[in-house]
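Please read this note with the model open beside it. The points go from the whole chain down to single side chains.

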Amino acid sequence: MIRLLTSRSLFNSPVITSSIIKMTAKDMKAPSSSMPQFREDFAKAKHIVVLTGAGVSAESGVPTFRGAGGYWRKWQAQQLATPEAFEDNPSLVWEFYHYRREVMGTKDPNKAHIAISECEKRLKSQGRRVVVITQNIDELHKRAGSENILELHGSLFKTRCTKCEEVIENRLSPICPALADKGEPDPKAKDAKIPVDQLPRCKKAGCGGLLRPHVVWFGESLDPAVMDSAENELDHCDLCLVVGTSSVVYPAAMFAPKVASRGVPVAEFNPEKTDVTNSLGYHFHGPAGSFLPEALARHPSEPE
């Protein structure tokens with residue numbers, strides 16, 4: 001059973017901590033920032049995995065609720081994205097997710113999303129595979145046109161019934177009448193305190209249970225089927241890109257070092273170095289949208 005953890009909770013695990021120490025101590029060579037060198041690795045790759053995190057969505061203006069100023073009202077995501085928070089105050093948690101759902105109506109895929117999607121389509125015709133494994137729940141990869149997507153943490157636009165456990169796509173705006181015009185992020189905004197019977201409810205005949213966002217909250221287990229698929233892709237890829245992730249949320253933070261440990265080229269595209277940077281082959285310092293269009297463009301060796 002694999003649970004969603006932050007780096008702080010991760011380091012309470014002696015087994016995982018030991019693995020990290022061994023991995024980081026083993027490989028301290030500074031990563032390359034040579035785009036021509038990366039392009040040669042790209043030209044040879046037949047199975048490419050792209051790991052994406054909140055940073056790529058942030059380039060589309062999506063709030064990340066991380067770091068300085070990363071608050072919704074007076075809370076950070078880690079305080080609201082938990083089963084305990086939902087049990088204690090489902091109205092508040094639904095306001096938070098309603099806000100996030102509504103915000104996405106004003107956001108569009110950026111150059112990084114589009115570069116990944118166009119690369120997947122182009123390489124497919126060459127018998128080459130591109131797969132996105134994302135921690136993001138905003139579906140911007142899907143909107144950009146990517147097809148091979150594994151959503152590790154679920155989707156803002158799916159709900160799960162807490163009673164019958166049915167999972168369905170839900171794009172209603174608002175998701176229920178009581179949440180209309182609610183979710184204002186201003187710290188001075190008052191909590192709506194919506195009665196639980198007016199929150200989103202299951203419409204399956206004979207159920208009527210309380211719905212929750214179909215996302216993986218901190219402390220919850222990731223979907224085993226999704227994890228198995230992700231691990232299979234990572235075990236067989238011959239090139240890996242790590243895009244816009246701070247590598248602090250586990251288990252995803254361990255994916256890239258694991259791939260690099262078997263000699264596969266791994267390229268990190270991020271405005272900052274991370275805890276795993278020095279275990280990877282490449283680091284491109286800056287916004288993904290500034291690098292990916294060039295990194296994933298047609299190589300001269302590709303057929304016209």
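The numbered points below cover the chain, its sheet, the annotated site and the salt bridges.

1. Basis. This is a predicted model, in which local features need pLDDT of at least 70, side-chain atom pairs count only at pLDDT 80 or more, and totals for chains, interfaces and linings use all residues. Residues are numbered from 1 along each chain as its sequence is written, and side-chain values use heavy atoms, with hydrogens and water left out.

2. Overall make-up. The protein chain has 12 helices and 11 strands. These are DSSP runs numbered from the N terminus: helices are H or I with at least four residues, strands are E with at least two. Of the 304 residues, 51% are buried. Buried means under 20% relative accessible area, exposed over 50%, and partly exposed in between (1.4 Å probe, protein chains only). The accessible surface is about 14600 Å², and carbon and sulfur atoms hold 52% of it. Areas come from the Shrake-Rupley method with a 1.4 Å probe; for residues, only the protein chains shown count as cover.

3. Contacts. Take the contacts between residues at least 6 apart in sequence: 72% of them join residues at least 24 apart. Contact means heavy atoms within 4.5 Å.

4. The sheet. Six strands make an open, parallel sheet, ordered β4-β3-β2-β8-β10-β11. At the edges sit β4 (149-151) and β11 (282-285), each paired on one side only. The average twist from one strand to the next is 15 degrees. Strands pair if DSSP finds at least two bridges between them.

5. Strand pairs. β2 (residues 47-52) and β3 (residues 129-134) share six bridges, with Leu51 partnered by Ile133 in β3. Five bridges link β2 and β8; here Val50 has Leu241 as its partner. Four bridges join β8 to β10 (residues 266-270), where Val243 is matched with Phe269. Helix α8 (residues 111-124) lies across β2 and β3, at about 150 degrees to β3. Axes are lines fitted to C-alpha atoms, for helices over the stretch in contact; angles run from 0 to 180 degrees between N-to-C directions.

6. Strand β8. Which way do its side chains point? Leu239, Leu241 and Val243 go one way, Cys240 and Val242 the other, and all are buried. With five of its five residues buried, β8 (residues 239-243) is largely enclosed by the rest of the structure.

7. Annotated site. An unreviewed UniProt entry puts a "binding site" at Tyr97 and Arg100. UniProt positions follow the numbering used here, feature names are shortened, and annotations may be inferred rather than shown by experiment. Tyr97 lies in helix α7 (residues 90-103), and Arg100 lies in α7 too. Tyr97 is buried at 2% relative accessibility; Arg100 is buried at 18%. Leaving out residues up to four places away in sequence, Tyr97 touches Ala81, Ile137, Leu156, Pro213, Val215 and Trp217. On that basis Arg100 touches Phe65, Ile137 and Leu156.

8. Salt bridges. The structure holds 12, each a side-chain nitrogen of Lys or Arg within 4 Å of a carboxyl oxygen of Asp or Glu. Asp235 and Lys258 meet at 4.0 Å, N to O. Asp235 is in α10 (residues 224-236) and Lys258 in α11 (residues 255-260), so the pair ties together parts 23 residues apart in sequence. Salt bridges with shared partners also join Glu139, Lys142, Glu169 and Arg171 into one network. Within it, Lys142 and Glu139 have their closest N and O atoms 3.9 Å apart. For Glu169 and Arg171 the distance is 3.1 Å. Glu139 is buried at 5%, whereas Lys142 is partly exposed at 39%.
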